[in-house]
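Work through the exercises below with the model open beside you. Try each task before you read its solution.

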Amino acid sequence: MDLQNYDKGFLLKLLEQMLLIRRFEEKAGQMYGLRKIGGFCHLYIGQEAIAVGSIAALDLKKDYVLTGYRDHGHALACGMSPKAAMAELFGKATGCSKGKGGSMHFFDTDHHMYGGNGIVGGQIPVAAGVAFKIKYNAENGVVLCYFGDGAIHQGVFHETLNMARIWNLPIVFICENNQYGMGTDFRRVSSVLDFSVMGGSYEIPAKQVDGMKVLEVYTETAEAVKLAREEGTPSFLEMKTYRYRGHSMSDPAKYRTKEELEEYKRMDPILMYKQDLIAAGLLTEDEYKAMDKRCIAVCDEAVRFAEDSPEPPLEAMYEDILA
Amino acid sequence: MPVITYREAIRQAIDEEMARDERVFLMGEEVARYNGAYKVSQGLLDKYGPRRVIDTPITEAGFTGIGIGAAMAGLRPIVEWMTFNFSLLALDQVINNAAKLRHMSGGQVNIPIVFRGPNGPAEYLSSQHSQALQSLYAHIPGLLVVAPATPYDAKGLLKTAIRNDNPVIFLESELMYSWQGEVPEGEYTIPLGMADVKRQGRDVTLITYSKPLKLVQETAQLLAEMGVEAEIVDLRSIRPLDEVTIYSSVKKTNRCVIVDETWPFASVASHIGWLISRNCFDYLDAPVEIVTSEDVPMPYNHRLELEVQPTVDKILRAVERVMYKQAGTFQRSGQ
């Protein structure tokens, strides 16, 4: 990637967004340890380049994002306030979903982030439905639909790819292959190791992308988005990545080796990209440190906000069910 | 007033709502070129074109989920399931998404969608194709469940369901499609959650909805000939449930039989039975009786399948029990 082809502000924004997600997730993990957050909490650490690089290719005035339960990164990349995100994790009334959704159900319709789905693959047809709306209304938008390698064998993935193709829906399916569906190595449960071949079954253009490289994610997604926007052709991108933490907070991740984890940490999306920027003279170590400080401060402020926010009143349990 | 079939009433409702609101569209298996597996959507493709009347592949979870996403994004889909038996393939999408997205998002989204199609037994179809699944859907907060039994009610309630901002499960029935009834030519709607007293009576309340209504009406006629005046409460909508009408009828007659073609365990009938016991206890002269399908999968054999379902005789026996009459007191003529 030739960094000189891009606007400096844009390049630095990608880095800062990844760093914000990293610091947010670290803080969430810490707060989980303090029992401020309960239940399932799936951290995005290691996968930041995917949400940031792909969502950077969107115009969220007309485009949409839907994802699974590992959704903090996508929400922040769409522009959700870290305060509303942290407050949601704390179950507070000021959370993005008023404390009713929690970690797995971040929604921010103002930023066209339509969830946050807790059923593996459950969001895939719903995302195609949003793309259906775009086509029905002859709008110019595109939907990015994210899911993990665990979702790829669900029936709705295959059902939806078929319909997206026969109806030419403007959608990009993005499989974030972090290599483990909970504790199961994808190689143990998949008949193919290159998921992108599955696009071929439905005549959907598909390819593998290095999900640790934010600019590669950006350019490949931008191309797929262009195809969807201009020709109504759906695409499927398998983004190879790795999560540093367990599946959720209760998972010590004993199904993989320390060496494997360390190897991926050497390919850390933030670290590598930072080095590229420094090498290209677009960033100094001091500027990076200042950026990191800003991100940490934002997350600290989010925790303060969440702590100080009120619990939802008991009667709130009867609200937001029927319109 | 024109007399039309239930099928035509449903079609008129869809047609009128599609004409009224560009956001309304129909999708499902065989709804377009084939004109509907049960011909409910006859002519709609010709009138509205393939953009708004959409044939889907046989992929219930997939197209149901697409409908839900379209609804979340601002359209007003009508999703036809060829029968409710096949809705089971889409159950995850309905329960985990249609019924939950508004809640999980803290009220940021609405899911204005109607899921409709024939529910309950027809004839000679054995167990996979003869299920009355309303108790399952009624169990889920976040879903509305509507089950009209006459063409008039079907049209008025479907139009309301399409205009409602929530997911509505709309239960029709293969055998009801050819039933006839008066339907006015002009525009009308019926609010959800309003039961209709189909017959006034003072001696016993018969609560029902959907296809068993005819059976209940036939039973009430027989009872009248024997001097017993039954009041028939047609629920029409299960969620929301018109508890006011139920209680005022039971408080008047002091006796109640609920006729429901679902299985008995954790059913619409058993729930309403509990509600009546809870809210009308001092008014009841006898325990509430329920007449449901037998607690078995549906056999193919016709004699058996008819006997699995509620029958006039079963309802008569239940009325005898709530009136403390000896079994066999109320007989059909010729018996």
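**Exercise 1. How many helices and strands does chain A have, and what is its radius of gyration?**

Step 1. Chain A has twelve helices and eight strands. Helices (H or I, at least four residues) and strands (E, at least two) are DSSP runs, numbered from the N terminus.

Step 2. This is a predicted model, in which local features need pLDDT of at least 70, side-chain atom pairs count only at pLDDT 80 or more, and totals for chains, interfaces and linings use all residues. Residues are numbered from 1 along each chain as its sequence is written, while chains are lettered from A and ligands numbered from 1 in the order in which they are written.

Step 3. Chain A has a radius of gyration of 19 Å, which agrees with the value near 20 Å for a compact globule of 323 residues. The radius is taken over C-alpha atoms, and the globule rule is 2.2 Å times the number of residues to the power 0.38.

Step 4. The C-alpha trace of chain A spans about 55 × 50 × 40 Å along its principal axes.

Step 5. In chain A, 54% of the 323 residues count as buried. A residue is buried if 20 or more other C-beta atoms lie within 10 Å of its own, exposed if 12 or fewer, and partly exposed in between; C-beta atoms are placed from the backbone.

**Exercise 2. Describe chain B as a whole, then find its domains.**

Step 1. Chain B has 13 helices and 14 strands. Its radius of gyration is 20 Å, close to the 20 Å that the globule rule gives for 335 residues, so chain B is as compact as a globular protein of that length.

Step 2. Of those 335 residues, 56% count as buried. The mean pLDDT of chain B is 97, and 99% of its residues reach 70 or more. pLDDT is the predictor's confidence in each residue, from 0 to 100.

Step 3. Chain B splits into domain 1 (3–182) and domain 2 (196–322). These bounds come from an automatic or database domain assignment. The contact between them takes 24 residues from domain 1 of chain B and 24 residues from domain 2 of chain B. Two residues are in contact if their C-beta atoms, placed from the backbone, lie within 7 Å.

Step 4. On the domain 1 side, α7 (134–138), β6 (144–146) and α8 (151–163) of chain B each supply at least two residues.

**Exercise 3. Which helix of chain B gives the most to the side that touches chain A?**

Step 1. Count the contact: 34 residues of chain B meet 33 residues of chain A.

Step 2. Look at α3 (60–72), α5 (91–98) and α6 (101–104) of chain B, each of which supplies at least two residues of this side.

Step 3. The answer is α3(B), with ten residues.

**Exercise 4. Place strand β13 of chain B among its neighbours.**

Step 1. Find residues 256–259 of chain B. B:C256 and B:I258 lie on one side, B:V257 and B:V259 on the other, and all are buried. In a regular strand the side chains alternate between the two faces of the sheet.

Step 2. Strand β10 (residues 204–208) of chain B runs parallel to β13(B), joined by three bridges. Here B:L206 stands opposite B:V257. Two strands pair if DSSP finds at least two bridges between them.

Step 3. Three bridges also link β13(B) to the parallel strand β14 (residues 289–291) of chain B. B:I258 has B:I290 as its bridge partner in β14(B).

Step 4. Now add B:V319, in helix α13 (residues 312–322) of chain B. B:V319 is buried, with 27 C-beta neighbours inside 10 Å. Its contacts beyond four places in sequence are B:V204, B:L223, B:V257 and B:F330.

**Exercise 5. Where are the cis peptide bonds and the positive phi values?**

Step 1. Most residues other than glycine have a negative phi, and most peptide bonds are trans.

Step 2. A cis bond joins A:G115 and A:G116, with omega about 20°. A:G116 belongs to strand β2 (residues 113–116) of chain A.

Step 3. Another cis bond joins B:R239 and B:P240, with omega about -5°. B:P240 is in the loop between β12 (237–239) and α10 (243–253) of chain B.

Step 4. B:N35, not a glycine, has a positive phi near 70°. B:N35 is partly exposed, with 17 other C-beta atoms within 10 Å.

Step 5. B:A266 has a positive phi of about 50°. B:A266 sits in the loop between β13 and α11 of chain B.
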